[in-house]
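Welcome, and please open the model in your viewer. We will go from stop to stop, selecting a few residues each time and looking at what is there.

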Amino acid sequence: MPESKYPVLETQENKRVVKVPLREYTFENSCFPTSVKSMGQEILSAPIRVVLKANNEEETFEPAEVFSVDYKEDAVTLAATMQSKILFVNTTTNVEDDGCAFVDMSIMPRGFTVPQLFGLEERIWHRRVIDHLWIEVPFKKECATYYQVPPYTYLSGDIEYRDTSKGEPWQISWSGITPKGGFNSCFTSQIMLANDDVGFGFFFYSDEHWKVKSNRAFEVIDNGDEFVLRIHILDGEPEYWRGDTTDDGSMWLDPISFRFGFCATPYRELSPAPFTEKALHIDCFKKVLNNYEEFLSAPVVEGDTEIGFDRLKRLGVEVLYIHEKWNDMQNSPVLTDKTKERAKYIIEECHKRGIKVIPYFGYELSSLSPYFGKYGSKWKVIQHPGDNKGAAWNRWPGQRALRVCLDSDWADVFVEGVIKVVEDFGFDGIYLDTTMWPKGCANPAHGCGYQDKDGNWHTTYSQDGIRKVFKGLYKYISEHNLIMNNHGSGAMNLVALGCCTSVWEGESFQNPLLHGIVTKMPEGHLRMMFGSKHFGVPVYSLCYSNDPVWTYDNAVATQLLHNSMPKPVDIGAPLEATSKIWKAYDAFPIAQSEFKPYYTENGVTTSDDRVKVSYYDAGNKIMAVVAGTEKGIESDVTVDFGALGATNLTDAFTGEKIADGSSYTARVEGFEYRLVLADK
């Protein structure tokens, strides 16, 4: 039987249920979902509601009328209208096949009916001064364990590990465990709440027409048995309507529109350990000083005669990611003659050895590109008209690059060009660096940004352009069973995430650890950002080092605890260390196991709370990750698996016996880790 086409619409009187894989949204007498289900679990504690206060009085809305509309071929489109004493609220909601719902909401004064205008009925005058208009999203508390907003957003409240004393946004507080008592945030492009299995979030295009007090565009309010996400669209009378508040004046006021969207996750159901790539990423963080074809064709370890290509094969690499230096022109889908020769040679040598090759593309337009002179100023990201400070670092051959906005015509050029490169050379997929992170842009040359009534420029977010690029590329990638990987840079953008076959994270949170600013594992951040299960997309970790302050093994320890596989960025010792991990995981039946992390009641105890244990339970055996989570641990620590009935403890790397019984004691220093096998 053929697979059902999504989305699916079910209609019953004034109720509409939109179904996508694993999830469904119900609209019943409301402009917004009254129920959001994912993996069969209800996320909401009550229907999403519009909260209006005007003239110092709370306004109530009559039940909405909900309609389905024949609008887009691969989407379900709903239109809805509801009214209070003074306002109409209209929405159109387009739900697409991956569960992303795009909402246009318009509000307007009610004004007068035609009979009232012609004097056939009495005109009833209602003073219209808005005190606030909010959207409130009540989450079941068990579905809102974690939160995520894009990086460098200021959050108030007791958020972990915020330190801006260095003059840089070193904080890693943009994702974590939802604080008791809640928190608030300034306006940003996304806010999401999740648990270990499911998530639900909102994404935004701009704050045009919003009116927010202080930094409270978003609040997460702790109501005891629920968290309420309050979206402060208006905290006062809209500036656009500034002036006339009489009905005669209000009658002719334009509706005000707000654009945003929402999405529940996961996009797909994953296996317990969704590790399908044994990958190395060369020239990411640790730089290769010569051309990649030269580097891989010569011995890469001092004192060894084995060339790079052969080393990859021997150590189990199945996917090679080649960073920006493979391409003479940064990020360009138009290639030089030397780039073509390089790509052909690397692919040929890797494919001989059964290794896939994934090229780097990203978020920039090079000054070497033939598009740059004509379109660079039109396509670049700027913060305000006249901004001329967008170029990134220099690289060889001599060039610099501008961050490019995907809401420009570059999006179409990029998609068409990248697909042609993949086809022409037989690449095995695409790597996109930071491409799904929406950078605020106010470049009027391609339609970004807006001016307020006082003439000030504000940025908008390129959600539509990002969506276009990711959907355009993913259509080709999925049809050809290729890899589409994205470096998230701390922003799990809901409009693009479902189009990825995998995501890399880790660069952002490691910054303060690399420099010794933070010495404790950011538990909440890691639980949210590396939760592959609640995203439905495998999240791998880029592991960096700055010896001796922060080592590769330190980074690996934090990742294995969270069911995330490291991807080495160094062909030397880090690849050797990761190769051992791959072998240990391959030898264990992970696909038939249940992952039991340290932050649940998993039955394993340690004599030091700074040492954590997560494990895979295959029924008659377990494989456990035992890791320190803080600098400064220098003590003997006892790890006890007795509650699991586990015995015969062995080292998963060496096969050496650790203990006959269910516990062992060993010295742990800092972020040291080991893999332990046990029988049950």
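Select Ala624 and Val676 first: Ala624 stands opposite Val676 in strand E42. This is a predicted model, in which local features need pLDDT of at least 70 and side-chain atom pairs count only at pLDDT 80 or more, while totals for chains, interfaces and linings use all residues. Residues are numbered from 1 along each chain as its sequence is written, and side-chain values use heavy atoms, leaving out hydrogens and water.

Now show the whole of E37 (residues 621-628) and E42 (residues 673-679). Strands (E, at least two residues) are DSSP runs, numbered from the N terminus. E37 and E42 pair in the antiparallel sense over 7 bridges; two strands pair if DSSP finds at least two bridges between them.

Which residue stands opposite Ala624 in E37? Select Tyr615 to see this partner. Tyr615 brings us to strand E36 (residues 611-617), which pairs with E37 in the antiparallel sense over 7 bridges. Follow the chain from E36 to E37 and you trace a hairpin with 3 residues between the strands. Pause at Gly619 in the turn, where phi is positive, at about 100 degrees.

Is E37 mostly covered or mostly open? It is mostly covered, with 7 of its 8 residues buried. Buried means under 20% relative accessible area, exposed means over 50%, and partly exposed lies in between (1.4 Å probe, protein chains only).

Next come the charged side chains. Side chains of opposite charge can pair when their charged atoms come close. A salt bridge here is a side-chain nitrogen of Lys or Arg within 4 Å of a carboxyl oxygen of Asp or Glu. By this rule the model has 37 salt bridges.

Select Lys5 and Asp74, whose side chains meet in a salt bridge at 3.7 Å, N to O. This pair links distant parts of the chain, 69 residues apart: Lys5 is in the segment before strand E1 (8-12), and Asp74 is in the loop between strand E8 (65-69) and strand E9 (75-83). Lys5 is exposed, at 56% relative accessible area, whereas Asp74 is partly exposed, at 45%.

Move on to Glu219 and Arg230, a salt bridge with its closest N and O atoms 3.6 Å apart. Glu219 lies in strand E19 (residues 218-222) and Arg230 in strand E20 (residues 226-234). Both residues are buried.

For the last stop, select Arg353 and Glu349, which form a salt bridge at 3.0 Å, N to O. Arg353 counts as buried at 15% relative accessibility, and Glu349 is buried at 11%.

Methods
Helices (H or I, at least four residues) and strands (E, at least two) are DSSP runs, numbered from the N terminus.
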